[in-house]
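Please open the model in your viewer and switch on a cartoon view with side chains at hand. We will go from stop to stop, selecting a few residues each time.

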Amino acid sequence: MSGLLSLAALFGECGAVASSFPEETACPAPSPVATSRANPGTISAQAYLRRLQEAVVALEKLRAELRVEYPEDTFYRREEFRPDFAEYASQTVCAAQAVFELAPPDARFSAYDAKVDAALTDLIAHTRAGREAVRSRNVSDYRDWYSGVDARIAAVRLAASEGSP
């Protein structure tokens, strides 16, 4: 009996697919945002808005770089695609998370911040779903990611550019 269990364990291990897909990386702490000269200790409104715009540019740049390397709506069979996509997803999540965690300078920014946070939350969830599609080699889910990613980045841009006080 123990021989059968050992044999079953051996076949279970032999049949297991080794995964070389990288784990999502931990995000570094974002750099501090400049504080207000008028209200020491609070975030400067201009620095807050500038950080949001810089994040949008970074998200668009990450997407453009991935698009240059992998331009078509296809799940690439090249060996480097999966780790490249994992890196893209990690950098995108970290860039979005850094802005998501950015506290608005004052109550005037509450509604604006909520819209930006909603767009970022959607982008983060969509990026993680794309990451999972690539990890699991699910072509249909990858195509869902591909067809929706640009709209989600555009939604972040729109939220960051509209309605600031």
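Before the tour, a word on helix axes: each axis is a line fitted to C-alpha atoms over the stretch in contact, and the angle between two axes, taken between N-to-C directions, runs from 0 to 180 degrees. Please keep in mind that this is a predicted model.

**The whole chain**

Start with everything shown as a cartoon. The chain holds five helices and zero strands, so to say in order α-α-α-α-α from the N terminus. Of its 165 residues, 35% are buried. Among contacts with a separation of 6 or more, 74% are between residues 24 or more positions apart.

**Helix 2 against helix 3**

Now select residues 45–69, which is helix 2, and residues 81–100, which is helix 3. How do these two helices pack? Helix 2 and helix 3 pack at an angle of about 170°, with their axes 9 Å apart. Angles over 145 degrees count as roughly antiparallel, and helix 2 and helix 3 are therefore roughly antiparallel to each other.

Show side chains where they meet. On the helix 2 side you will find, among others, Leu-52, Ala-55, Leu-59 and Leu-62. On the helix 3 side, the residues they meet include Phe-85, Tyr-88, Ala-95 and Val-99.

Stay on helix 2 for a moment. Its 25 residues reach 37 Å from first C-alpha to last, close to the 36 Å expected. Its buried residues include Tyr-48, Arg-51, Val-56 and Leu-66, and what covers the buried residues of helix 2 includes helix 3, helix 4 and helix 5.

**Helix 4 and its end**

Next, select residues 110–136. This is helix 4, with 27 residues and a reach of 38 Å, close to the 39 Å expected. Just after helix 4 comes Arg-137, whose phi is positive, near 60°.

Within helix 4, pick Arg-131. Is Arg-131 buried or exposed? At 9% relative accessibility, Arg-131 counts as buried. Beyond its sequence neighbours, Arg-131 is in contact with residues including Phe-21, Pro-22, Phe-85 and Ala-89. Try the distance tool on Arg-131 and Glu-23: they are 108 residues apart in sequence, yet 9.9 Å apart C-alpha to C-alpha.

**A buried arginine without a partner**

Go back to helix 3 and select Arg-82. Arg-82 is buried yet has no salt bridge, and the nearest side chain of opposite charge, Glu-132, is 8.6 Å away. Show Ser-20, Phe-21, Val-134, Arg-135 and Arg-137 too, since Arg-82 touches them.

**Salt bridges**

Side chains of opposite charge can pair when their charged atoms come close. How many salt bridges does a search of the whole structure find? There are 10.

- Select Arg-157 and Glu-60: their closest N and O atoms are 2.7 Å apart. The pair links helix 5 with helix 2 across 97 residues.
- Select Arg-152 and Asp-122, with closest N and O atoms 3.1 Å apart. Here helix 5 is linked to helix 4, the two residues being 30 apart in sequence.
- Select Arg-135 and Glu-132, at 2.6 Å between the closest N and O atoms. Both lie in helix 4, three residues apart, about one turn of the helix.

For a last stop, select Arg-63, Arg-67 and Asp-150, which are linked in a network of salt bridges.

Terms used. Residues are numbered from 1 along each chain as its sequence is written. This is a predicted model: local features need pLDDT of at least 70, side-chain atom pairs count only at pLDDT 80 or more; totals for chains, interfaces and linings use all residues. Side-chain values use heavy atoms; hydrogens and water are left out. Helices (H or I, at least four residues) and strands (E, at least two) are DSSP runs, numbered from the N terminus. Buried means under 20% relative accessible area, exposed over 50%, partly exposed in between (1.4 Å probe, protein chains only). Lys and Arg count as positive and Asp and Glu as negative; His and the chain ends are not counted. A salt bridge is a side-chain nitrogen of Lys or Arg within 4 Å of a carboxyl oxygen of Asp or Glu. Contact means heavy atoms within 4.5 Å. The expected span of a helix is 1.5 Å times one less than its number of residues. Angles under 35 degrees count as roughly parallel, over 145 as roughly antiparallel, 65 to 115 as roughly perpendicular and the rest as oblique. Lists of a residue's contacts leave out its neighbours within four places in sequence.
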